[in-house]
Amino acid sequence: MVVALILLLVAIGSVLFHLYSPWWWTPIATNWAYIDHTINITFWITGFVFVAVIAFMAYCVFRFHHKEGRRADYNPENKRLEWWLSVGTGVGVAAMLAPGLVVWHQFVTVPADATEVEVMGQQWQWSFRLPGKDGRLGTSDVRNIASDNPMGLNRDDPHAQDDVVIENGDLHLQMGKPVKVLLRSVDVLHDFYVPEFRAKMDMVPGMVTYFWITPIRTGTFDVLCAELCGAAHYQMRAKVIVDQEREYHAWLEQQKTFAELSPARAVVRATYQSGGR
């Protein structure tokens, strides 16, 4: 009886801790409430199975505990029970997978009017690139990366000249405007993660991965790296600021383009190479 009660208390305590836990998601700031709904469905299904299994164990411990002179019957198989368990398990797994497949389809289907923004991760900082007045990002290549060209933009691409390049600064996004976030890494695995955005994706050297979001509320949000990337992984932080349209365009006008930054960087690079003379 004591063991059975302990098992029931474990099940009930786990459910209550989940329902009343002070640790929960940060308030969502994008269109990806679908992800929250999918996780909640998984919680309900796995929680029901967890409680059912623990309750069954408690029942068995109490009902079939040892008594002098009583022997258990040998029953090597029960086809009816096996069918019920197989069907029930299949339905439960399908109920968890189906919403995830629907959300994944939405996750990789980027709206046609989405603006592209590039994020580059390296040990241990973030760099950002936004399209200029032509509304199009220029091409880039890791072989172009240098001290005066940290994101490896193609100097011969006219679309790259007006790109807005942000190093060690904050990324601003416009509220209500779909954004396709292009992700690159130049050294190891990183992961651009804003908890309020829900969406995230690994950044793999040699690849361009992506996700998309539509910000739904203004505010300042922390950027974290969600992939262990080295000794200073915990310091790889930045900010994403979601603005109203007017404030966003005012901020964008103040930023320097790749063409504007290149001459100054070239002077700094030449000075450094000449030993500061």
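**Exercise 1.** Determine which residues the UniProt annotation "transmembrane region" covers, and what secondary structure residues 41-62 and residues 83-104 have in this predicted model.

*Solution.*
- Start from the record: the unreviewed UniProt entry places the annotation "transmembrane region" on residues 41-62 and 83-104.
- Take residues 41-62: the span is 100% helix and 0% strand, and 32 Å separates its end C-alpha atoms.
- Take residues 83-104: here too the assignment is 100% helix and 0% strand, with 31 Å between the end C-alpha atoms.
- Place the spans in the whole: the protein contains six helices and 10 strands.

**Exercise 2.** Decide whether the protein is a compact globule or more spread out.

*Solution.*
- The globule rule, 2.2 Å times the number of residues to the power 0.38, gives 19 Å for 277 residues.
- The radius of gyration is 27 Å, well over that value, so the protein is more spread out than a compact globule.
- Along the principal axes, the C-alpha atoms fill a box of roughly 100 × 40 × 35 Å.

**Exercise 3.** Describe burial, contacts and surface in the protein.

*Solution.*
- Count a residue as buried under 20% relative accessible area; 34% of the 277 residues qualify.
- Among contacts with a separation of 6 or more, 71% join residues 24 or more positions apart.
- The exposed area is about 17,300 Å², with carbon and sulfur atoms supplying 63% of it.

**Exercise 4.** Find how many positive and negative side chains there are, and how far apart the centres of the two sets lie.

*Solution.*
- The protein carries 24 positive and 28 negative side chains.
- The centres of these two sets are 6 Å apart.

Technical notes:
Residues numbered from 1 in each chain as written. Predicted model: local features only at pLDDT ≥ 70, side-chain atom pairs only at ≥ 80, totals over all residues. Heavy atoms only, no water. Helix = DSSP H or I, 4+ residues; strand = E, 2+ residues; numbered from the N terminus. Buried < 20%, exposed > 50% of the residue type's maximum accessible area, 1.4 Å probe, protein only. Contact = heavy atoms within 4.5 Å. Areas by Shrake-Rupley, 256 points an atom, 1.4 Å probe, with all protein chains shown as cover. Lys, Arg positive; Asp, Glu negative; His and termini not counted. Charge placed at Lys NZ, Arg CZ, Asp CG, Glu CD. UniProt positions renumbered as here; feature names shortened; annotations may be inferred.
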